[in-house]
Amino acid sequence: MQDITNKQASKPRRPNQGGLMEHQMNLEKVIGNTIKSGASVAVNPATGDVAYPAGCVVVFYSPKRHRQFQYLSCINNRPLSCLCFSQCGRYLAAGEGGRQPSVLVWDVKTGLLQTELKGHSFSVNAVQFSSDGKLLASVGSQVDGRLNLWQWRTGALVGNARVVCEVKGLAFSHDSTTLVTAGTKGHLKHWAVDSNALLTGKCKPLKGRRAVVEGGPPMSYDYVDVCFSVTSKNAAETYALSSDGFLLFFDATRVLEKWVNLKSLSVKSLSATDRFVACACANGLVRMFHPTSLEYVCT
């Protein structure tokens, strides 16, 4: 991150204990960012505003007004590695980097910290709210190797699992009963969310089932992102994006059904609506495909 500039100082208030004058500093603008992956950028579903990390600060940017308008600071002064909004747009979760990181949740409207969750030993790679907003999933780096499921309002850890690969993407199903993780070395797993554990608040091991990719394209099978289809309210199909440029479609039974070559040297992330599947590619390109047929639409 480059220097944080344009801090406006008010008149001196009073001398502190050391005899120096205190000033009230207001942050006006952040130059630069510390975005590391698609998991570092979040879009508010309710407003369309964008949030991204700049060191230990979350920057809110309005594409409509073309300006930064809000900042949230990590209470631990640690660099932030990943962000996500709740579906209602009211809450923002962020994962810290470094040793003994926390997962933080703010109320975007008030700017107040709602909770601090501790359950990782090393950097948090991705965070994701469930569709109903009751749960929050967090996954650590490969060194950390932890996938945690939280009832974030109470701070209760209700599910966990060990993951041996570097996980890059997280996604919840629309009914919040399934969590999907995508990462390196062919890691693409569906995890069942235990409703009984949610009622009791007790932590239970998450049970994961691998996606079936037999007969797929000749690719690296290192995944960079994953999301659920939104063609219907009960859609259980998923899309996955490989690091070497393949968009894959899996049916409700986790079996690879179809795929398309994006013809890009690298890809970063994907997003799905009821009309399009958008893939972020190299050189600032975004390729659009039909959500069910994967027919090419435009770039």
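The lining of the largest pocket has 25 nonpolar, 12 polar and three charged residues. In this scheme Ala, Val, Leu, Ile, Met, Phe, Trp, Tyr, Cys and Pro count as nonpolar, Asp, Glu, Lys and Arg as charged, and the others, Gly among them, as polar. This is a predicted model, in which local features need pLDDT of at least 70 and side-chain atom pairs count only at pLDDT 80 or more, while totals for chains, interfaces and linings use all residues. Residues are numbered from 1 along each chain as its sequence is written, and side-chain values use heavy atoms, with hydrogens and water left out.

**The largest pocket**

Which residues lie nearest the centre of the largest pocket? They are Q128, D225, C227, L270 and S271, out of 40 lining residues. Here a pocket is an open set of points on a 1 Å grid over the protein atoms alone, where a 1.4 Å probe fits and protein lies on both sides within 12 Å along at least five of seven lines; a lining residue has an atom within 4 Å of a point. Rolling a probe the size of a water molecule over the atoms shows where empty space is left. The largest pocket holds about 1200 Å³ of space, a volume being the space filled by probe spheres set on the points, with grid points joined across faces, edges and corners.

Several strands help to build this lining. Those that supply at least two residues each include strand 5 (42-43), strand 13 (124-129), strand 17 (167-172) and strand 22 (223-228). Strands are DSSP runs (E, at least two residues), numbered from the N terminus.

**Looking at K168 and S62**

K168 lies in strand 17. At 33% relative accessibility, K168 is partly exposed; the cut-offs are under 20% relative accessible area for buried, over 50% for exposed, and in between for partly exposed (1.4 Å probe, protein chains only). Not counting residues up to four places away in sequence, K168 touches A39, A126, A182, G183, T184, Y223 and V224, where contact means heavy atoms within 4.5 Å. One of these partners, T184, is 16 residues from K168 in sequence, and their C-alpha atoms are 7.7 Å apart in space.

Is S62 buried or exposed? With a relative accessible area of 2%, S62 is buried. S62 sits in strand 7 (residues 57-62) and, leaving aside residues up to four places away in sequence, touches D49, R67 and F69.

**Salt bridges**

How many salt bridges does the structure hold? There are six, each being a side-chain nitrogen of Lys or Arg within 4 Å of a carboxyl oxygen of Asp or Glu. The table shows three of the pairs.

| Pair | Closest N to O distance |
|---|---|
| R78 and E96 | 3.7 Å |
| K118 and E116 | 3.6 Å |
| D144 and R146 | 3.3 Å |

The salt bridge between R78 and E96 deserves a closer look. R78 lies in the loop between strand 8 (67-73) and strand 9 (80-85), and E96 in strand 10 (residues 91-96), so the pair ties together parts that are 18 residues apart in sequence. R78 is partly exposed at 25% relative accessible area, whereas E96 is buried at 0%.

The other two pairs can be described in the same way. K118 is exposed at 55%, and its partner E116 is partly exposed at 32%. D144 is buried at 2%, while R146 is partly exposed at 26%.

**Positive phi in two loops**

Most residues other than glycine have a negative phi, and most peptide bonds are trans. H66 has a positive phi near 55° and is not a glycine. H66 is found in the loop between strand 7 and strand 8 and is exposed, with a relative accessible area of 61%. N77 is also a residue with a positive phi, of about 55°, although it is not a glycine. N77 belongs to the loop between strand 8 and strand 9 and is exposed at 60%.

**How confident is the prediction?**

The mean pLDDT of the chain is 89, and 91% of its residues reach 70 or more. This score is the predictor's confidence in each residue, from 0 to 100. Over residues 1-14, pLDDT stays under 50, and for this stretch the model has 37 contacts beyond four places in sequence.

Methods:
Helix = DSSP H or I, 4+ residues; strand = E, 2+ residues; numbered from the N terminus.
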